[in-house]
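I opened my notebook beside this model and wrote down what I looked up. Follow along with me!

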Amino acid sequence: IPPEETQAALALADRLSPGAPAAVEGTVLLISEAGHSRAELAEIGRTLDRFIRFLGAAYGIAPPSHLLRVHLTTGTWEVRRRAEELHGLDVSPATVGYAFVDDASVVAFVQGTAVGTALHEIFHLLVRESFGDVPQWLDEGMASLYEVAGREGDVYFGLDNWRGDVLRERPGGRRLQHP
């Protein structure tokens, strides 16, 4: 759906998740199945849209010409249920989010306005649209960089997260030391 067709997008949201709050912000259609308020949806939408613009400025990743659909869920069990209902997928019980390229959608467990998982998954969608298949290590590495991110103005930057601890762990349980 083109971004300017807000009513069509909201009608689609109501068909997919009857009665769930939904909003369009920039190039993102948000559907909250987690009880987000209109104000929270607006904040989430602004954050995601700003991130999309950042990816274009920083990496030449083209903004989508259509709305990206983001389903916000209450937990991993809900991610699994939506994966089955929306895409016929049987995802792991540990899955906190996923991107589905065929319909430019994301399903993510999002508490409040903490959208790290959605940022991660949106990166996957947009890098595929702009560059096609990229090496998995690059796709996951870049997406992981922004799942815990800071922002100064319109610039996003990765922050330390749980992945760094995993990478610093040596075989045999010894930790690598920072220089």
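**Contacts, shape and one strand**

I began with contacts (heavy atoms within 4.5 Å): of those with a separation of 6 or more in the chain, 49% come from residues 24 or more positions apart.

I noted that this is a predicted model, where local features need pLDDT of at least 70, side-chain atom pairs count only at pLDDT 80 or more, and totals for chains, interfaces and linings use all residues. Residues are numbered from 1 along each chain as its sequence is written, and side-chain values use heavy atoms, leaving out hydrogens and water.

Next I looked up the overall shape. The radius of gyration (over C-alpha atoms) is 17 Å, which agrees with the value near 16 Å for a compact globule of 179 residues, by the rule of 2.2 Å times the number of residues to the power 0.38.

Then I turned to the elements, which are DSSP runs numbered from the N terminus (helices: H or I, at least four residues; strands: E, at least two). I found six helices and seven strands.

How much of strand β5 is buried? Four of the five residues in β5 (residues 105–109) are buried, meaning under 20% relative accessible area with a 1.4 Å probe, protein chains only.

I also checked the neighbours of β5, where pairing takes at least two DSSP bridges between two strands. Strand β3 (residues 68–73) pairs with β5 in the parallel sense over five bridges, and Arg69 has Ser105 as its bridge partner. Strand β4 (residues 97–100) runs antiparallel to β5, joined by four bridges; here Ala99 stands opposite Val106.

Definitions and conventions
Buried < 20%, exposed > 50% of the residue type's maximum accessible area, 1.4 Å probe, protein only.
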